[in-house]
Amino acid sequence: MLIAVLNNRVLLAARRNSFLQRRIAHSPVSVGISLLSLCSVGLVRCMCGNSVSSMETPVIVEPMGTHTATVFFLHGLGDTGHGWGQQMNEIKAPHIKYVCPTAKQIPVTLNGGMKMNSWFDIKSLSFDSAQDEAGITGASDDLKSWIAQEEQNGIPASRIVLAGFSQGGAVALYTALTLEKKVAGVIGLSTWLPLHHKFPDAIKGVKDYPFLQCHGDMDPMVNYAFGNMTSEKLKKFASNHEFKTYSGMQHSSCYEEMEDVKSFLNRVLPASPPSNH
(Lines give C-alpha, C1' and ligand atoms only; values in the text may rest on other atoms or scores of the structure.)
Protein backbone atom coordinates (compact mmCIF):
# COMPACT_ATOMS: atom_id res chain seq x y z
CA MET A 1 0.00 0.00 0.00
CA LEU A 2 2.87 2.40 0.84
CA ILE A 3 4.37 1.76 -2.60
CA ALA A 4 1.01 2.56 -4.21
CA VAL A 5 0.82 5.89 -2.39
CA LEU A 6 4.40 6.80 -3.30
CA ASN A 7 3.75 5.88 -6.92
CA ASN A 8 0.70 8.13 -6.78
CA ARG A 9 2.87 11.03 -5.62
CA VAL A 10 5.35 10.39 -8.48
CA LEU A 11 2.48 10.44 -11.00
CA LEU A 12 1.15 13.68 -9.53
CA ALA A 13 4.58 15.32 -9.66
CA ALA A 14 4.97 14.18 -13.26
CA ARG A 15 1.56 15.65 -14.06
CA ARG A 16 2.61 19.04 -12.69
CA ASN A 17 5.74 19.17 -14.83
CA SER A 18 4.37 17.80 -18.11
CA PHE A 19 1.22 19.81 -18.81
CA LEU A 20 2.84 22.07 -21.42
CA GLN A 21 4.22 19.04 -23.27
CA ARG A 22 0.75 17.44 -23.22
CA ARG A 23 -0.67 20.55 -24.88
CA ILE A 24 1.49 19.61 -27.87
CA ALA A 25 1.37 15.82 -27.71
CA HIS A 26 -2.33 15.48 -26.74
CA SER A 27 -1.41 12.33 -24.86
CA PRO A 28 -1.56 11.08 -21.25
CA VAL A 29 0.98 12.24 -18.71
CA SER A 30 4.66 12.06 -19.62
CA VAL A 31 7.66 11.53 -17.34
CA GLY A 32 9.48 14.30 -15.49
CA ILE A 33 9.51 15.22 -11.80
CA SER A 34 9.83 18.70 -10.35
CA LEU A 35 8.16 20.27 -7.34
CA LEU A 36 7.29 23.84 -8.28
CA SER A 37 6.47 26.86 -6.15
CA LEU A 38 4.02 29.17 -7.86
CA CYS A 39 3.99 32.08 -5.42
CA SER A 40 5.74 34.33 -7.94
CA VAL A 41 4.53 32.96 -11.29
CA GLY A 42 2.16 35.22 -13.20
CA LEU A 43 -0.97 35.97 -11.21
CA VAL A 44 -0.65 32.90 -9.02
CA ARG A 45 0.00 33.83 -5.42
CA CYS A 46 -0.05 32.40 -1.94
CA MET A 47 -2.84 33.95 0.12
CA CYS A 48 -2.09 34.75 3.74
CA GLY A 49 -4.98 35.44 6.08
CA ASN A 50 -7.72 33.80 8.07
CA SER A 51 -10.06 32.63 5.30
CA VAL A 52 -8.65 29.11 5.33
CA SER A 53 -7.06 29.15 8.75
CA SER A 54 -7.54 25.42 9.37
CA MET A 55 -5.38 24.53 6.35
CA GLU A 56 -1.97 25.50 5.03
CA THR A 57 -1.75 28.62 2.89
CA PRO A 58 -3.74 28.09 -0.34
CA VAL A 59 -2.60 29.00 -3.82
CA ILE A 60 -4.77 31.60 -5.57
CA VAL A 61 -4.95 32.22 -9.32
CA GLU A 62 -6.27 35.75 -9.42
CA PRO A 63 -8.77 36.94 -12.07
CA MET A 64 -7.36 39.21 -14.76
CA GLY A 65 -10.56 41.29 -14.84
CA THR A 66 -13.61 41.79 -12.65
CA HIS A 67 -14.04 38.87 -10.26
CA THR A 68 -17.49 37.34 -10.78
CA ALA A 69 -16.92 33.63 -10.13
CA THR A 70 -14.77 31.26 -8.05
CA VAL A 71 -13.47 27.70 -8.45
CA PHE A 72 -12.31 25.70 -5.43
CA PHE A 73 -9.99 22.88 -6.53
CA LEU A 74 -8.83 20.31 -3.95
CA HIS A 75 -5.73 18.19 -4.59
CA GLY A 76 -5.26 14.46 -4.08
CA LEU A 77 -3.54 12.48 -1.33
CA GLY A 78 0.04 13.59 -0.66
CA ASP A 79 -0.09 16.52 -3.06
CA THR A 80 -0.35 20.30 -2.47
CA GLY A 81 -2.31 23.16 -3.98
CA HIS A 82 0.70 24.29 -6.02
CA GLY A 83 0.47 21.69 -8.79
CA TRP A 84 -3.20 22.30 -9.44
CA GLY A 85 -2.64 26.05 -9.16
CA GLN A 86 -0.39 25.70 -12.19
CA GLN A 87 -3.04 23.70 -14.01
CA MET A 88 -5.69 26.33 -13.29
CA ASN A 89 -3.32 29.05 -14.47
CA GLU A 90 -3.11 27.24 -17.82
CA ILE A 91 -6.88 27.16 -18.37
CA LYS A 92 -7.92 30.32 -16.51
CA ALA A 93 -10.69 32.67 -17.56
CA PRO A 94 -10.27 36.41 -16.81
CA HIS A 95 -13.32 36.68 -14.51
CA ILE A 96 -12.69 33.57 -12.38
CA LYS A 97 -10.66 33.25 -9.19
CA TYR A 98 -9.19 29.77 -8.63
CA VAL A 99 -8.49 28.69 -5.06
CA CYS A 100 -6.25 25.64 -4.56
CA PRO A 101 -5.87 24.86 -0.84
CA THR A 102 -3.36 22.44 0.66
CA ALA A 103 -4.59 19.89 3.19
CA LYS A 104 -3.00 19.55 6.61
CA GLN A 105 -0.49 16.77 7.24
CA ILE A 106 -2.13 13.93 9.14
CA PRO A 107 -1.29 10.25 9.73
CA VAL A 108 -2.68 8.14 6.89
CA THR A 109 -3.47 4.50 7.63
CA LEU A 110 -2.91 3.50 3.99
CA ASN A 111 0.58 5.00 4.28
CA GLY A 112 1.48 2.97 7.36
CA GLY A 113 0.49 5.80 9.68
CA MET A 114 3.04 8.22 8.23
CA LYS A 115 2.00 11.86 7.97
CA MET A 116 1.21 13.40 4.61
CA ASN A 117 -1.08 16.08 3.18
CA SER A 118 -4.54 14.53 3.34
CA TRP A 119 -8.10 15.80 3.59
CA PHE A 120 -9.03 12.75 5.68
CA ASP A 121 -7.62 9.36 6.65
CA ILE A 122 -7.74 6.61 4.02
CA LYS A 123 -7.74 3.12 5.46
CA SER A 124 -7.85 1.05 2.27
CA LEU A 125 -8.21 1.29 -1.51
CA SER A 126 -11.31 -0.91 -1.37
CA PHE A 127 -14.61 0.75 -2.32
CA ASP A 128 -16.42 -0.78 0.67
CA SER A 129 -13.68 -0.45 3.31
CA ALA A 130 -14.09 1.42 6.61
CA GLN A 131 -14.06 5.18 6.10
CA ASP A 132 -12.98 8.18 8.16
CA GLU A 133 -16.43 9.74 8.49
CA ALA A 134 -15.31 12.42 10.93
CA GLY A 135 -12.45 13.43 8.65
CA ILE A 136 -14.62 13.48 5.53
CA THR A 137 -17.34 15.58 7.11
CA GLY A 138 -14.74 17.87 8.68
CA ALA A 139 -13.07 18.55 5.32
CA SER A 140 -16.51 19.12 3.81
CA ASP A 141 -17.37 21.58 6.56
CA ASP A 142 -14.17 23.51 5.77
CA LEU A 143 -15.14 23.72 2.11
CA LYS A 144 -18.64 24.88 3.03
CA SER A 145 -17.14 27.63 5.20
CA TRP A 146 -15.03 28.83 2.27
CA ILE A 147 -18.16 28.98 0.13
CA ALA A 148 -19.83 31.09 2.82
CA GLN A 149 -16.84 33.45 2.85
CA GLU A 150 -17.03 33.89 -0.92
CA GLU A 151 -20.72 34.71 -0.56
CA GLN A 152 -19.84 37.35 2.04
CA ASN A 153 -17.39 38.78 -0.49
CA GLY A 154 -20.14 39.11 -3.10
CA ILE A 155 -19.82 35.83 -5.04
CA PRO A 156 -23.06 33.81 -4.76
CA ALA A 157 -22.98 30.01 -4.49
CA SER A 158 -24.50 29.86 -7.97
CA ARG A 159 -21.21 31.32 -9.28
CA ILE A 160 -18.98 28.83 -7.48
CA VAL A 161 -17.67 25.48 -8.80
CA LEU A 162 -16.46 22.73 -6.45
CA ALA A 163 -13.73 20.58 -7.97
CA GLY A 164 -10.99 18.17 -7.04
CA PHE A 165 -8.70 15.33 -8.01
CA SER A 166 -8.87 11.90 -6.35
CA GLN A 167 -9.28 12.44 -2.59
CA GLY A 168 -9.97 16.14 -3.20
CA GLY A 169 -12.65 15.22 -5.71
CA ALA A 170 -14.24 12.98 -3.09
CA VAL A 171 -14.54 15.96 -0.74
CA ALA A 172 -15.98 18.10 -3.57
CA LEU A 173 -18.63 15.47 -4.43
CA TYR A 174 -19.62 14.89 -0.80
CA THR A 175 -19.84 18.64 -0.14
CA ALA A 176 -21.99 19.34 -3.18
CA LEU A 177 -24.46 16.61 -2.26
CA THR A 178 -24.78 17.73 1.37
CA LEU A 179 -24.97 21.46 0.64
CA GLU A 180 -28.49 22.88 0.54
CA LYS A 181 -27.53 25.72 -1.80
CA LYS A 182 -27.08 25.28 -5.53
CA VAL A 183 -23.57 25.76 -6.85
CA ALA A 184 -22.68 26.41 -10.49
CA GLY A 185 -21.24 22.95 -10.97
CA VAL A 186 -19.07 20.12 -9.65
CA ILE A 187 -15.94 18.49 -11.12
CA GLY A 188 -14.53 15.17 -9.90
CA LEU A 189 -11.34 13.84 -11.53
CA SER A 190 -10.20 10.25 -10.91
CA THR A 191 -12.33 10.12 -7.80
CA TRP A 192 -15.08 8.33 -5.89
CA LEU A 193 -18.07 9.16 -3.71
CA PRO A 194 -17.12 8.79 -0.02
CA LEU A 195 -19.66 7.52 2.49
CA HIS A 196 -21.68 6.36 -0.53
CA HIS A 197 -23.90 4.20 1.65
CA LYS A 198 -25.40 7.38 3.16
CA PHE A 199 -26.90 8.49 -0.16
CA PRO A 200 -29.47 9.44 -1.23
CA ASP A 201 -30.65 9.95 2.37
CA ALA A 202 -27.90 12.48 3.13
CA ILE A 203 -28.67 14.67 0.12
CA LYS A 204 -29.77 18.22 0.83
CA GLY A 205 -31.43 20.34 -1.84
CA VAL A 206 -32.10 19.66 -5.52
CA LYS A 207 -29.10 18.50 -7.51
CA ASP A 208 -30.05 19.69 -10.99
CA TYR A 209 -26.83 21.61 -11.70
CA PRO A 210 -24.00 20.12 -13.83
CA PHE A 211 -21.68 17.41 -12.55
CA LEU A 212 -18.58 16.50 -14.59
CA GLN A 213 -16.84 13.26 -13.61
CA CYS A 214 -13.66 12.17 -15.43
CA HIS A 215 -11.60 8.98 -15.07
CA GLY A 216 -8.78 7.15 -16.84
CA ASP A 217 -9.54 3.53 -17.75
CA MET A 218 -6.04 2.42 -16.66
CA ASP A 219 -6.13 4.00 -13.19
CA PRO A 220 -4.21 1.72 -10.77
CA MET A 221 -4.99 3.75 -7.63
CA VAL A 222 -8.67 4.68 -7.75
CA ASN A 223 -9.83 1.81 -9.91
CA TYR A 224 -11.86 2.72 -12.99
CA ALA A 225 -14.61 0.44 -11.68
CA PHE A 226 -14.92 2.74 -8.65
CA GLY A 227 -15.40 5.66 -11.01
CA ASN A 228 -18.12 3.75 -12.84
CA MET A 229 -19.87 2.81 -9.62
CA THR A 230 -19.74 6.43 -8.47
CA SER A 231 -21.15 7.54 -11.82
CA GLU A 232 -24.06 5.12 -11.60
CA LYS A 233 -24.77 6.26 -8.04
CA LEU A 234 -24.68 9.95 -8.95
CA LYS A 235 -26.95 9.51 -11.94
CA LYS A 236 -29.73 8.40 -9.61
CA PHE A 237 -30.02 11.81 -7.98
CA ALA A 238 -27.94 14.24 -10.09
CA SER A 239 -30.03 14.88 -13.19
CA ASN A 240 -27.24 16.72 -15.07
CA HIS A 241 -24.34 14.31 -14.67
CA GLU A 242 -21.68 13.47 -17.28
CA PHE A 243 -19.02 10.76 -17.01
CA LYS A 244 -16.01 10.95 -19.34
CA THR A 245 -13.46 8.17 -19.87
CA TYR A 246 -9.87 8.72 -21.06
CA SER A 247 -8.27 5.77 -22.80
CA GLY A 248 -4.89 4.75 -21.41
CA MET A 249 -4.84 7.39 -18.68
CA GLN A 250 -3.67 6.26 -15.25
CA HIS A 251 -4.09 8.11 -11.91
CA SER A 252 -3.24 11.47 -13.38
CA SER A 253 -4.50 14.02 -15.90
CA CYS A 254 -4.08 14.64 -19.63
CA TYR A 255 -4.55 17.40 -22.18
CA GLU A 256 -7.97 16.17 -23.31
CA GLU A 257 -9.25 16.04 -19.75
CA MET A 258 -8.07 19.56 -18.95
CA GLU A 259 -9.66 20.86 -22.14
CA ASP A 260 -12.92 19.23 -21.03
CA VAL A 261 -12.56 20.90 -17.63
CA LYS A 262 -11.94 24.26 -19.31
CA SER A 263 -14.99 23.86 -21.55
CA PHE A 264 -17.14 22.86 -18.57
CA LEU A 265 -16.04 25.90 -16.57
CA ASN A 266 -16.65 28.23 -19.50
CA ARG A 267 -20.15 26.82 -19.82
CA VAL A 268 -21.22 26.90 -16.17
CA LEU A 269 -19.34 30.12 -15.27
CA PRO A 270 -19.83 32.41 -18.28
CA ALA A 271 -18.21 35.85 -18.19
CA SER A 272 -21.60 37.55 -17.86
CA PRO A 273 -23.64 35.92 -15.09
CA PRO A 274 -27.42 35.56 -15.59
CA SER A 275 -29.36 38.69 -14.67
CA ASN A 276 -31.00 37.03 -11.63
CA HIS A 277 -27.61 36.61 -9.85
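**Close-up views of S166, L195 and H196**

**View 1. S166, a buried loop residue with a positive phi.** At 4% relative accessibility, S166 counts as buried, because the cut-off for that class is under 20% relative accessible area. In this predicted model, S166 is placed in the loop that lies between strand β7 (160-165) and helix α4 (167-177). The phi angle of S166 is near 55°, which is a positive value in a residue other than glycine. Most residues other than glycine have a negative phi.

**View 2. L195, a second loop residue with a positive phi.** L195 belongs to the loop between β8 and β9, and with a relative accessible area of 2% this leucine is buried. Its phi is near 50°, again a positive value in a residue that is not glycine.

**View 3. H196 and the residues that it touches.** H196 is found in the loop that runs between β8 (185-189) and β9 (211-216), and its relative accessibility of 13% means that H196 counts as buried, since buried is defined as under 20% relative accessible area. When residues up to four places away in sequence are not counted, H196 touches F127, D128, Q131 and K233.

**View 4. The pair H196 and K233.** K233 is one of the residues that H196 touches, once those up to four places away in sequence are set aside. Although H196 and K233 are 37 residues apart along the chain, their C-alpha atoms are separated by 8.1 Å in the predicted model.

Technical notes
Residues are numbered from 1 along each chain as its sequence is written. This is a predicted model: local features need pLDDT of at least 70, side-chain atom pairs count only at pLDDT 80 or more; totals for chains, interfaces and linings use all residues. Side-chain values use heavy atoms; hydrogens and water are left out. Helices (H or I, at least four residues) and strands (E, at least two) are DSSP runs, numbered from the N terminus. Buried means under 20% relative accessible area, exposed over 50%, partly exposed in between (1.4 Å probe, protein chains only). Contact means heavy atoms within 4.5 Å.
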